[in-house]
Every structure is written in structure tokens, then in C-alpha cells.
Amino acid sequence: MLTENSITTGDRTSKLALRGYHQHCLKLAADSIDRDPPGSRHISGLTLGISQEGYERIVERINAFRKEIALIAEEDRNSDKVFQLEFAMFPVGGK
């Protein structure tokens, strides 16, 4: 039974534990492409050419957006499903 509408790893989680957690969650996201119909999942992506400054600005916006999403979940008194939301931004080329 879900007792909280949003769950965070907080600031006290070890880096090793977080690494395994995110690897597992990203695998779940990949598996969802084959398992779940598009109407019950949302997977999208962008390939971007940006500077370090652009990267840092985007990370700030992702962090703010993540907090906004958590607040929406906290305020949702009719929740009846559990979803996993992952943000992944990583280098694929360049310097």
C-alpha cells in the first residue's frame, strides 16, 4: 500500500545506493517501452548541443520542475496508481 504520494531519496542516501537505484529505474523505463501501451506511459527525449553553462541552466530547471511534480503528487488526494519518473541527461559526444 502506498502511504505517501511522492518519495524522495533525500540527502542522506549513499552514492553507491543511488547509483544502483537509478540503474534499476532506468531499466524499468526501458522495459516499459515494450510492456506498457503509449497511453499509460510517457517517454521522450532530446539530443542537444549545449555549453557547460547551458547544461547547468537545464539542470537547475530540471530540479525546479522535479519539485513542482512532487508538489502535484502531494496535493493529489485521488491517487490510484504508482508511477516512476526519471530524468536522465548525459553526454553522448563532443569534448
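Where does Glu86 lie? Select it and take a look: Glu86 sits in the segment after α2. Keep in mind as you click around that this is a predicted model.

**Stop 1: Glu86 and its neighbours**

Stay on Glu86 and show its side chain. Glu86 is buried, yet it has no salt bridge. If you go looking for a partner of opposite charge, the nearest such side chain is that of Arg66, and Arg66 is 9.4 Å away. A salt bridge would need a nitrogen within 4 Å of the carboxyl oxygen.

What you can find around Glu86 is polar contacts. Add Gln84 to the selection: its side chain and that of Glu86 are joined by a polar contact of 2.6 Å. Then add His22, whose side chain makes a polar contact of 3.4 Å with the side chain of Glu86.

Now select Cys25, which is part of helix α1. Cys25 counts as buried because its relative accessibility is 3%, and the cut-off for buried is under 20%. Draw a distance between the C-alpha atoms of Cys25 and Glu86 and you should get 7.3 Å, although 61 residues separate the two in sequence.

**Stop 2: the salt bridges**

Next, hunt for charged pairs. Side chains of opposite charge can pair when their charged atoms come close. Across the whole structure, the search turns up 2 salt bridges.

Begin with Lys27 and Asp31. Their side chains meet in a salt bridge at 3.0 Å, N to O. Both residues belong to helix α1, and they are 4 residues apart, about one turn of the helix. Switch on a surface and check Asp31: with 31% relative accessibility, Asp31 counts as partly exposed.

Then select Arg35 and Asp36, whose side chains form a salt bridge at 2.9 Å, N to O. Arg35 counts as exposed, at 52% relative accessibility, while Asp36 is partly exposed with a relative accessible area of 22%.

**Stop 3: a pair of rings**

Time for the aromatics. A pair of aromatic rings is described by the distance of the centres and the angle of the planes. The count here comes to 1 aromatic pair. Select Phe65 and Phe87 to see it: the rings are edge-to-face, 5.9 Å centre to centre, with 75° between the planes. Phe65 lies in helix α2 (residues 52–75) and Phe87 in the segment after α2, so this pair ties together parts that are 22 residues apart in sequence.

Are these rings buried or partly exposed? Phe65 comes out as partly exposed at 39% relative accessibility, and Phe87 is partly exposed too, at 33%.

**Stop 4: the nonpolar patch and the loop**

Keep the surface on and colour Leu46, Leu48, Ile50, Tyr55 and Met89. They form a nonpolar patch on the surface, and together they have about 480 Å² of accessible area. Zoom in on Ile50, one of the patch residues. Ile50 is found in the loop between α1 (15–35) and α2, and it is partly exposed, with a relative accessible area of 41%.

For the last selection, pick Gly49, also placed in the loop between α1 and α2. Gly49 counts as exposed, with 79% relative accessibility. Add Gly93 and draw one more C-alpha to C-alpha distance: Gly49 and Gly93 are 9.2 Å apart in space and 44 residues apart in sequence.

Methods:
Residues numbered from 1 in each chain as written. Predicted model: local features only at pLDDT ≥ 70, side-chain atom pairs only at ≥ 80, totals over all residues. Heavy atoms only, no water. Phe/Tyr/Trp six-rings, centres within 6.5 Å; stacked < 30°, edge-to-face > 60°. Helix = DSSP H or I, 4+ residues; strand = E, 2+ residues; numbered from the N terminus. Buried < 20%, exposed > 50% of the residue type's maximum accessible area, 1.4 Å probe, protein only. Patch = residues over 30% accessible without salt bridge, like charges linked within 9 Å, V, L, I, M, F, W, Y side chains within 5 Å. Areas by Shrake-Rupley, 256 points an atom, 1.4 Å probe, with all protein chains shown as cover. Lys, Arg positive; Asp, Glu negative; His and termini not counted. Polar contact = N/O pair within 3.5 Å; in protein donor to acceptor, adjacent residues only side chain to side chain.
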